Number of protein chains: 6
Amino acid sequence: DFELALENDIKPAFGRSEESVQKFLRRGYIGWCDEVNDILKKGRLLVEATREPESIGFVTCILSGASGSGKSCIAAKIAKESEFPFIRVFSPADMIGFSEMAKCQALQRAFSDAIKSPLSILFLDDIESILDYSPIGPRFSNLVLQAFRVLLRDPVPEGHRLLVLATSSEREFLEQVGLLKFFDHQIDVPMLTEPQHLLRVMHTSQAFKAEEMQSAVQRLEKIKNGREIVIAVGVKRMLALIDFVRRSEGDRAALLISELESSWSIREKVHEYPYSPT
Amino acid sequence: DFELALENDIKPAFGRSEESVQKFLRRGYIGWCDEVNDILKKGRLLVEATREPESIGFVTCILSGASGSGKSCIAAKIAKESEFPFIRVFSPADMIGFSEMAKCQALQRAFSDAIKSPLSILFLDDIESILDYSPIGPRFSNLVLQAFRVLLRDPVPEGHRLLVLATSSEREFLEQVGLLKFFDHQIDVPMLTEPQHLLRVMHTSQAFKAEEMQSAVQRLEKIKNGREIVIAVGVKRMLALIDFVRRSEGDRAALLISELESSWSIREKVHEYPYSPT
Amino acid sequence: DFELALENDIKPAFGRSEESVQKFLRRGYIGWCDEVNDILKKGRLLVEATREPESIGFVTCILSGASGSGKSCIAAKIAKESEFPFIRVFSPADMIGFSEMAKCQALQRAFSDAIKSPLSILFLDDIESILDYSPIGPRFSNLVLQAFRVLLRDPVPEGHRLLVLATSSEREFLEQVGLLKFFDHQIDVPMLTEPQHLLRVMHTSQAFKAEEMQSAVQRLEKIKNGREIVIAVGVKRMLALIDFVRRSEGDRAALLISELESSWSIREKVHEYPYSPT
Amino acid sequence: DFELALENDIKPAFGRSEESVQKFLRRGYIGWCDEVNDILKKGRLLVEATREPESIGFVTCILSGASGSGKSCIAAKIAKESEFPFIRVFSPADMIGFSEMAKCQALQRAFSDAIKSPLSILFLDDIESILDYSPIGPRFSNLVLQAFRVLLRDPVPEGHRLLVLATSSEREFLEQVGLLKFFDHQIDVPMLTEPQHLLRVMHTSQAFKAEEMQSAVQRLEKIKNGREIVIAVGVKRMLALIDFVRRSEGDRAALLISELESSWSIREKVHEYPYSPT
Amino acid sequence: DFELALENDIKPAFGRSEESVQKFLRRGYIGWCDEVNDILKKGRLLVEATREPESIGFVTCILSGASGSGKSCIAAKIAKESEFPFIRVFSPADMIGFSEMAKCQALQRAFSDAIKSPLSILFLDDIESILDYSPIGPRFSNLVLQAFRVLLRDPVPEGHRLLVLATSSEREFLEQVGLLKFFDHQIDVPMLTEPQHLLRVMHTSQAFKAEEMQSAVQRLEKIKNGREIVIAVGVKRMLALIDFVRRSEGDRAALLISELESSWSIREKVHEYPYSPT
Amino acid sequence: DFELALENDIKPAFGRSEESVQKFLRRGYIGWCDEVNDILKKGRLLVEATREPESIGFVTCILSGASGSGKSCIAAKIAKESEFPFIRVFSPADMIGFSEMAKCQALQRAFSDAIKSPLSILFLDDIESILDYSPIGPRFSNLVLQAFRVLLRDPVPEGHRLLVLATSSEREFLEQVGLLKFFDHQIDVPMLTEPQHLLRVMHTSQAFKAEEMQSAVQRLEKIKNGREIVIAVGVKRMLALIDFVRRSEGDRAALLISELESSWSIREKVHEYPYSPT
Ligand SMILES: Nc1ncnc2c1ncn2[C@@H]1O[C@H](COP(=O)(O)OP(=O)(O)OP(=O)(O)O)[C@@H](O)[C@H]1O
Ligand SMILES: Nc1ncnc2c1ncn2[C@@H]1O[C@H](COP(=O)(O)OP(=O)(O)OP(=O)(O)O)[C@@H](O)[C@H]1O
Ligand SMILES: Nc1ncnc2c1ncn2[C@@H]1O[C@H](COP(=O)(O)OP(=O)(O)OP(=O)(O)O)[C@@H](O)[C@H]1O
Ligand SMILES: Nc1ncnc2c1ncn2[C@@H]1O[C@H](COP(=O)(O)OP(=O)(O)OP(=O)(O)O)[C@@H](O)[C@H]1O
Ligand SMILES: Nc1ncnc2c1ncn2[C@@H]1O[C@H](COP(=O)(O)OP(=O)(O)OP(=O)(O)O)[C@@H](O)[C@H]1O
Ligand SMILES: Nc1ncnc2c1ncn2[C@@H]1O[C@H](COP(=O)(O)OP(=O)(O)OP(=O)(O)O)[C@@H](O)[C@H]1O
Ligand SMILES: [Mg+2]
Ligand SMILES: [Mg+2]
Ligand SMILES: [Mg+2]
Ligand SMILES: [Mg+2]
Ligand SMILES: [Mg+2]
Ligand SMILES: [Mg+2]
């Protein structure tokens, strides 16, 4: 039954590394703030550190951040630019309905395949999903957790070099479950929090006319000046809302901003109680 | 055993998209308040946004609201009016007694079938039931949850367009379990809360004579004027009670309203304590 | 294995609707109070509402009340009097040791059988037992719960009419688990709480001589006058105790009442503390 | 596998009713106090009530009490004296390591066998063990619980008469799990709490010489006079300690009483705080 | 699969009673304090009570105490000295990785084998391990617990005599789980708590020269005089530390005592707060 | 299925003891502080105590400490230097995805193989992973725990000598679960906490030029003098960061220290509140 699972289910999951990375880059890459560009740079340094002959050649890094903040996109870009001969995406989308055992086996196989090549990147996307994590309980697959515990620490054989790039939107869970500390490098991916970030994405989308951009600038700066507003949007939602207003009639910038507000992406900052309790 | 399940159980669940939508429209559509009509309009915009060639072409929307508030009816109407070549209803009624694994497989198949067509609607009805949710515990299928997590985010391949329409009466559970945030658009479906709403439904049912309608108007307005009464009925219960009184003798409007009261659909507003505690 | 279960276990559970209803009426029907007679009347109205051609033809009703209060007896009487061509009793007694899966399948089959006939009653007896409910935990079968959730709401196909009559002694559990709200009509069955109720049942049993009845009347009225006594007996226990004293020697009415007291069916009312705490 | 279980495991459990009852009577019956004799008398009345043609002919009774208090002994004596043509002991000792499913099946078979005979006693010994009860958790078999729920209430077919005699040392658990209320009659079996009780058992054992009995009487009455001592021993432990001292040298009555003390069967009464809290 | 387990796993566990007892006596028997010698004497009395023809011939006894206190050693000595024709050791070491079911079956077989012989000892070693007990949870096998519940109480058939000797280092767990009360006799095995205890074991080990013993006496008595020190070592650790220092250089008595201190076997008594709280 | 697992999965795990030990020594051994060197010395004494003919010849020892502190490295070095004819590494890396049952079997086989040889070391690496431990819950395999409980205490047969060396980074869990006390010797492995420790590792790495070492000395001593800083780094992270800065440009010592700070390895000591609460 397990053998069968391997035959039928796991095979299609492998052997398409190139396209897999591409899938996360369908909308290109917008360097919508400095922080994001810096993450890209650090990623390049990790690639170099893996390649470096005098180092041990086994580097592990996790990108954490809110859902839809663009983690997979950045990781995919780092992987693609590395031009390593072996790049494999290990993604929960290839393992829907897998048993814990089958996931473990697939994970172990991914590592052992990666280690066979002299210079590899293993891209573990959305590891809380690989772990079947759900916040109620919380629940997760202990079997897969144990596999991660072991594989993230097991030394790579001499003559082989491996960079493990993981993403997760559940950093705290990973911390609690004792997995976070096994990553040598831990990087946070931010959300859009400044008017400029929003404008940058709007601009790049080419969906808005000059005067609409102008109107948006004004509204957003006005909001920002008031100082009572918090902005927190993932790139993903920003792009979805731009799509939604694209063919609307009337003031599309206004519509966009009102949609951001109704989805709580722009919201009034809760006033903190000004006096300490007595 | 699983293969068997697929052969015997899943097949009949597919290939009847047209009729499936119809099932939710057996009582037609009553636009019993503006809000409901607005939801229908927003639904049409989402249909357009999915079709729009410059957008990414993958839109997800959830209709949440009390049990029996008419969510499935509205979703069915949106789907039917879209006239998309591919419309599939994915409903828990087709999966009673399914194992978690079988549900996952069916869900994955529903998405992959939908993605094969260039322009599709996937109508996920009652997703808390698909998740085998029960409030005590709470319990739910983690395997199905993981499938949703992945499928709601996995990019649709280029050249294909998909609108996912989901309904649920357990919005808070979806929030807690981290699923709500994966929907691009979240819409609330209201209950009947005004005398006018009740009258509108009564009128459309053609069950009441003119003087009965008159008598109901008076009773309800009197109630409303008193300001101590809360009305909260789902369309479903309203229609069931109209059926119940239909052939009764005596004042049927009075009977209807007394049944609404005895089922707590019309109830005295709890007086809030007028003084702050000392 | 499941197939086997179906072959061996489920078959005998069906095809004996007539006798099944009879089993709950072995002691006849005593209208021991007005409330019980009213329930019977409401039951007849539901039967009419199901039959009514202009209504949707799908009515669901639950009878809840203490264990042994006579719920199954009343439901059976309603069903029998309806003279519907299809009456099926779905009872946990036919499914001892069934797996959750087998119960689901049986339940689904019961509904689909009922729906095949143009005019049907489906009598779901003791639904907390069908749900394998136990108060410690609480535990119950989530799979069966999900089946109920779906089947109680899935529209009956046009041209078919179905009255679902359910009984349960765990109303609060059904409320908590979200099942109660799916019933269109919810009716409470009372216990014997007045001396007259007890006397009515004693009289009908023909077990007591005239002077014994007299003596019982006196004792009970004396008790009642004192105002410090609460009576709460299910019909079932009342009938069991009558059987127990039937052939006793001495004052059988006194013995009956002392047995009622020792089983806490007649008990001193706990005095509520007359002053508010300071 | 289940079929196999039935073939191999269940068969030897049946068909030895006579001897089974005898096993609980190996030490005979000592009427060591009035209360115990009264229980025996009530048992005989239940036997009569079951036989009585005008009653419904289905009587259920549970004997509860501390472990080793002699419940099974009394139940066995009632059953034996009834001289009913069918007497079956259903005991956990015959079902060690049984699966829940196998227990259910055995239980159901025991009831259906009992019901086939016109006049039967079904002796359910130690029902908390049949339920696989353990106080930590608490844990128990829900499947078996459901079987009990149904079988204890399912009406016996006309023309058949059944007395169900159960024993349990976990009355509170049965209460919590909702099973206690399904028994028509609930009887408590006491422990030895008076010096006279101990002396009665010692005397019957014929293990002590006249002067030893005398010495024991003095010690025990002295203890009792002091009023600061609580006695609470099950018959079982009492008989075990008599066996233990039987061949000892020195004052065997003294040894017996010191063993009772060291096993906390005779212990100083905890003084209750004489003043109410202020 | 279970049959297989029986074939492969259980068989080797039996038929080596003689050697099994010997395994616990590899280091001989040191009567390092009076209490331990008294336990041995009580053990001999239990052996006699089992043999005694006028007693019921079924005696159960449990030795509880800290891990490594020498429980198994004493039980083995009692069993060996009894010279009963049937002595069986039932030990968790023979059942590693057994399923609950297989353990139950083995346990039941051990009892039924023991009962076949006219005069038997069944030595149940480390019963919390037989129960798969772990303090976190706590967890344990309920199936095995149920088997113990039944087997420890089920009367031995006439003409057969059985002494059950059990050991456990988790007395409180057994109490909580309701198993302790089923043993007729409960004996506590102490740890080494006095300087004399330590010296006795050191002396018997023949590892120390006269002057080393002298030096140890002085150190220990000095410690004891100070009255601020608690000693609590199991024989097992004491013997292990003697082995550890055996070939060391320098003052081996000093090293031994410092090792006892660093493993908290000799520790400062925590001062209790001298005033009652106000 | 289990047999299959044994055939396919377990075999490769054995028969490579020599290389297995080597794997933990890939970076050699740096005696970066006295404490670590002392542990090595104690390890050698344990090796001697195992060999010693007059001792019992069964010694168990656990090395506990933070993740990445170098436990496996030290244990491997002790094992390698012992030159015992039989050295086996039992590591979770060889058992990814194993069932509990398979792990138990493998563990038991490891012990029985070790016991066959006259002089053996069994190196149990990362025993919390062997136990499938996860801190949330906590969860762990009870079956494996039971196997450990038994195997760590079961006497080695005469003529055989065994040293069990275990490592774990979850000492507290082992304590709670009752396993820690079964080890005769418990040793703590420290982290790098002094500037000198860091410098020692930097120096040995040969990655830094003399002036960089000089600059690091100054920075670290300055930090240390301030007395408000806590250093706590595992050797593992220290080596990883040295690899990371190896080919960087600019002041690599400064970069290293800033990386130590951003990973909280060097952090400000939290000031403790100087006054006791009132
Ligand atoms: N920097 C970027 N420039 C352009 N598009 C981006 C950028 N970052 C993300 N996107 C787009 O936003 C969407 C979400 O990005 P991505 O999937 O990388 O986010 P994520 O953080 O991995 O989300 P999740 O938590 O759901 O896995 C994708 O369509 C992606 O193409
Ligand atoms: N706007 C409407 N006009 C006419 N009938 C309606 C309308 N909305 C709902 N109904 C009818 O009310 C009943 C319940 O509606 P529907 O099933 O859509 O509710 P729901 O919110 O999906 O309920 P549930 O939570 O049980 O899934 C159906 O019979 C449906 O035909
Ligand atoms: N109105 C009645 N007249 C005569 N007998 C009745 C009446 N109600 C109940 N009984 C008898 O009392 C007993 C218990 O009734 P019934 O089984 O209907 O109760 P119930 O509430 O369904 O109990 P449970 O909760 O155990 O299912 C049966 O023997 C039934 O015949
Ligand atoms: N009245 C009695 N006269 C003589 N012996 C008795 C009496 N009651 C009990 N015994 C004996 O005491 C022992 C325990 O009695 P029994 O098994 O009936 O107790 P129990 O309450 O059923 O215990 P448990 O809770 O363990 O099932 C048996 O050996 C039984 O023979
Ligand atoms: N009285 C004794 N004289 C000599 N050696 C003893 C004595 N008691 C125990 N030992 C030895 O000490 C070790 C531990 O004893 P034993 O196994 O009996 O302890 P235990 O209490 O059963 O431990 P556990 O709780 O681990 O089962 C054994 O090697 C045993 O031979
Ligand atoms: N004393 C040392 N000298 C040189 N290198 C060391 C030393 N200690 C550890 N290392 C190296 O540091 C890394 C981690 O060491 P090791 O695996 O022994 O740590 P650990 O405490 O067992 O970690 P874990 O908790 O992850 O099992 C390895 O690459 C090892 O080679
Ligand atoms: Mg992602
Ligand atoms: Mg719906
Ligand atoms: Mg009923
Ligand atoms: Mg008993
Ligand atoms: Mg032991
Ligand atoms: Mg390690």
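This report walks through two ligand sites, the relation between neighbouring chains, and a few backbone details in a predicted model.

## How the chains are related

Let us start with the symmetry. In general, one copy of a chain is carried onto another by a rotation about an axis together with a shift along that axis. Here, chain A superposes on chain B with an RMSD of 0.0 Å after a rotation of 60° and a shift of 0.1 Å along the axis. That is the relation of a six-fold axis. The residue of chain A that comes closest to the rotation axis is Gly137(A), whose C-alpha lies at 9.2 Å.

Chains C and D can be treated in the same spirit. A turn of 60° with a shift of 0.1 Å along the axis lays chain D on chain C, and the RMSD is 0.0 Å. Within chain D, the closest approach to the rotation axis is made by Gly137(D), at 9.2 Å for the C-alpha.

## The interface between chains A and B

How many residues of chain A are in contact with chain B, and how many of chain B with chain A? The contact set holds 28 residues of chain A and 38 residues of chain B. The size of an interface is often expressed as the accessible area that is lost when the parts come together. For chain A and chain B, the buried area is about 2900 Å², with 51% of it on carbon and sulfur atoms. Three residues stand out on the chain A side: Arg26(A), Ile96(A) and Ile136(A) provide 23% of the area that chain A buries against chain B, more than any other three residues.

Do the copies in a pair meet through the same surfaces or different surfaces? In the pair of chains C and D, only 3% of the interface residues of chain D are also interface residues in chain C, so these copies meet through different surfaces.

## The site of ligand 5

Ligand 5 has 17 residues around it, and those that come nearest are Ile30(E), Lys71(E), Ser72(E), Cys73(E) and Arg153(F). The site is shared between chains, because the residues that surround ligand 5 come from chains E and F. By class, the shell is made up of 7 nonpolar, 6 polar and 4 charged residues.

Several polar atoms of chain E approach oxygen atoms of this ligand. An N or O atom in the side chain of Lys71(E) is 2.7 Å from an oxygen atom of ligand 5, and a backbone N or O atom of Cys73(E) is 2.8 Å from an oxygen atom of the ligand. For Arg27(E), a polar side-chain atom lies 3.4 Å from a ligand oxygen atom. On its own, ligand 5 exposes 620 Å², of which the protein buries 89%. Two elements of chain E give two or more residues to the shell, namely helix 4 (71-82) and helix 11 (235-245). Helix 4 of chain E gives the most, with 3 residues.

## The site of ligand 2

For ligand 2, the nearest of the 17 surrounding residues are Ile30(B), Lys71(B), Ser72(B), Cys73(B) and Arg153(C). Chains B and C both supply residues around ligand 2, so this site is shared between chains. The shell has 7 nonpolar, 6 polar and 4 charged residues.

Which side chain of chain C has an N or O atom 2.7 Å from an oxygen atom of ligand 2? It belongs to Arg153(C). From chain B, a backbone N or O atom of Cys73(B) lies 2.8 Å from an oxygen atom of the ligand, while an N or O atom in the side chain of Arg27(B) is 3.4 Å from a ligand oxygen atom. Taken alone, ligand 2 has 620 Å² of accessible area, and the protein covers 89% of it. Helix 4 (71-82) and helix 11 (235-245) of chain B are the elements that give two or more residues to the shell. The largest share, 3 residues, comes from helix 4 of chain B.

## Backbone details

The glycine of chain A that comes closest to the rotation axis, Gly137(A), is also part of a cis peptide bond: it is joined in this way to Pro138(A), with omega about -10°. Pro138(A) sits in the loop between helix 6 (127-130) and helix 7 (142-151) of chain A. In chain B, the peptide bond from Gly137(B) to Pro138(B) is cis, with omega near -10°, and Pro138(B) lies in the loop between helix 6 (127-130) and helix 7 (142-151) of that chain.

One more residue deserves a look when you check backbone angles. Gln206(B) is not a glycine, yet its phi is positive, at about 55°. Gln206(B) is found in the loop between helix 9 (195-205) and helix 10 (210-226) of chain B.

How values were computed
Residues numbered from 1 in each chain as written. Chains lettered and ligands numbered in written order. Predicted model: local features only at pLDDT ≥ 70, side-chain atom pairs only at ≥ 80, totals over all residues. Heavy atoms only, no water. Near = heavy atom within 4 Å. Polar contact = N/O pair within 3.5 Å; in protein donor to acceptor, adjacent residues only side chain to side chain. Areas by Shrake-Rupley, 256 points an atom, 1.4 Å probe, with all protein chains shown as cover. Helix = DSSP H or I, 4+ residues; strand = E, 2+ residues; numbered from the N terminus. Nonpolar A, V, L, I, M, F, W, Y, C, P; charged D, E, K, R; others polar. Least-squares fit on C-alpha atoms with pLDDT ≥ 70 in both. Contact = heavy atoms within 4.5 Å. Buried area = accessible area lost by both parts, 1.4 Å probe.
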